[in-house]
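Please open the structure in your viewer and keep the sequence panel beside it, since this tour moves from one selection to the next.

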Amino acid sequence: QGIIDSYTPLESDLDGDGYTNRIEVIYQSDPNDANSIPSLGMVNNLDVSYFSDLYLSSAVGTYHSLALKSDGTVVGWGSNGQNQATPPAGLSDVVAIAAGEYHSLALKSDGTVVGWGSNGQNQATPPAGLSDVVAIAAGYYYSLALKSDGTVVGWGSNGDSQATPPAGLSDVVAIAVSGYGASALKADGTLVKWGSNYQSPNIDPNNPITFRGNDFTLEPLLV
């Protein structure tokens, strides 16, 4: 029916024959059909080894790409002049990935972050002691991490204050980056932005901007 994007075992291998008895799967949308959307399906008695190479998510940098496999390992390809497409040997237990211009990040299940690739601005070197991370983002020569307490940590290039979250920023539930700008979505539905703001030259790029939910609409993007 299509490429499986994610899966949920509803029944385990009850009889020990190496086959799951019932699995709910979500098929990817058809990239050749603009009207296609992800679809829900059901698979019975599927060989569990089928999922050994299932890719859970991907990340794209300027000239390189990453994919996170279901076994918690990462695969990279593309431009590799700074080793940005070569995950560190032995990297495992990864739950999320991010790709910057020439560097890469991986979030592990224990809440720590691993970086590799270009590191001229220390963008691939997470701050010492960084822990309890639940999300990561990689921009041009800088990186961000969202912690479980709703605060944000940044490191790397900081010429536009893009790696310095606004003082007092809290209750964050999601983060995102552009080239030299950063954004944080708060639990109350407001969006805070900081860093470079070249498309709005009359706004001080070093001061955060807060948008209210009724000023914009967030819609899921199917890729």
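What follows is a walk through the chain, from the whole to single residues.

**The whole chain**

Begin with everything displayed, and keep in mind that this is a predicted model. A cartoon coloured by secondary structure will show 18 strands and zero helices. If you switch to a surface, the protein exposes about 12200 Å², of which carbon and sulfur atoms supply 48%. Of the 223 residues, 35% count as buried. Among the contacts with a separation of 6 or more, 34% are made by residues 24 or more positions apart.

**Strands E12, E13 and E14**

Now select residues 133-138, 142-147 and 152-156, which are strand E12, strand E13 and strand E14. They form an open sheet in the order E12-E13-E14, and the pairing is antiparallel. Why do E12 and E14 each have one side without a neighbour in the sheet? Both stand at the edges with a single partner strand, so on one side of each no further strand of the sheet follows. Neighbouring strands of this sheet are turned by 20° against each other on average, with direction ignored.

Look next at the pairing itself, beginning with E12 and E13, which run antiparallel and are joined by five bridges. Val133 has Lys147 in E13 as its bridge partner. In the hairpin that links these two strands, with three residues between them, Tyr141 takes a positive phi near 65°.

On the other side of the pairing, E13 and E14 also run antiparallel, and five bridges join them. Select Leu146 to find its bridge partner Val152 in E14, then Ser143, which stands opposite Trp155 in E14. The hairpin here has four residues between the strands, and Gly150 takes a positive phi near 85° in it.

Stay in the loop between E13 and E14 and select Asp149. Its side chain is joined to that of Thr151 by a polar contact of 2.6 Å. Add Asp171 to the selection: Asp149 and Asp171 are 22 residues apart in sequence, and their C-alpha atoms are 7.4 Å apart in space.

**The largest nonpolar core**

Return to E13 and ask how many of its six residues are buried. Five of them are, so the strand is largely enclosed by the rest of the structure. In soluble globular proteins, nonpolar side chains tend to be buried together.

To see such a group here, show the side chains of Leu144, Val152, Leu169, Val172, Ile175, Ala184 and Trp194, which touch the most other members of the largest nonpolar core, a set of 13 residues. The elements that give two or more residues to this core are E13, strand E15 (172-177), strand E16 (181-186) and strand E17 (191-195). E13 gives the most, with three residues.

Centre the view on Ala184 for a closer look at its surroundings. Leaving aside residues up to four places away in sequence, Ala184 touches Leu169, Val172, Ala174, Ile175, Thr190, Leu191, Val192 and Trp194.

**Strands E9, E10 and E11**

Move back along the sequence and select residues 94-99, 103-108 and 113-117, which are strand E9, strand E10 and strand E11. This is an open sheet of three strands in the order E9-E10-E11, with antiparallel pairing. E9 and E11 stand at the edges with a single partner strand each, so one side of each is left without a neighbour in the sheet. From one strand to the next, the twist averages 20°.

E10 and E11 are antiparallel and share five bridges. Within this pair, Leu107 stands opposite Val113 in E11.

**Two buried polar residues**

Finish with two single selections. Gln84 is placed in the loop between strand E8 (74-78) and E9. Is Gln84 buried or exposed? Its relative accessibility is 0%, and it therefore counts as buried. With residues up to four places away in sequence left out, Gln84 touches His64, Leu66, Ser79, Tyr102, His103, Ser104, Trp116 and Gly117.

The last stop is Ser65, in strand E7 (residues 64-69). Ser65 has a relative accessible area of 16% and is buried, because buried means under 20%. Not counting residues up to four places away in sequence, Ser65 touches Ala59, Val60, Val75, Gly76 and Trp77.

Definitions and conventions:
Residues are numbered from 1 along each chain as its sequence is written. This is a predicted model: local features need pLDDT of at least 70, side-chain atom pairs count only at pLDDT 80 or more; totals for chains, interfaces and linings use all residues. Side-chain values use heavy atoms; hydrogens and water are left out. Two strands pair if DSSP finds at least two bridges between them. Axes are lines fitted to C-alpha atoms, for helices over the stretch in contact, and angles run from 0 to 180 degrees between N-to-C directions. Buried means under 20% relative accessible area, exposed over 50%, partly exposed in between (1.4 Å probe, protein chains only). Contact means heavy atoms within 4.5 Å. Accessible areas come from the Shrake-Rupley method with a 1.4 Å probe; for residues, only the protein chains shown count as cover. A nonpolar core is a set of buried Ala, Val, Leu, Ile, Met, Phe, Trp, Tyr and Cys residues joined through side-chain atoms within 4.5 Å. A polar contact is a pair of N or O atoms within 3.5 Å; within protein, one must be able to donate a hydrogen and the other to accept it, and residues adjacent in sequence count only if both atoms are side-chain atoms.
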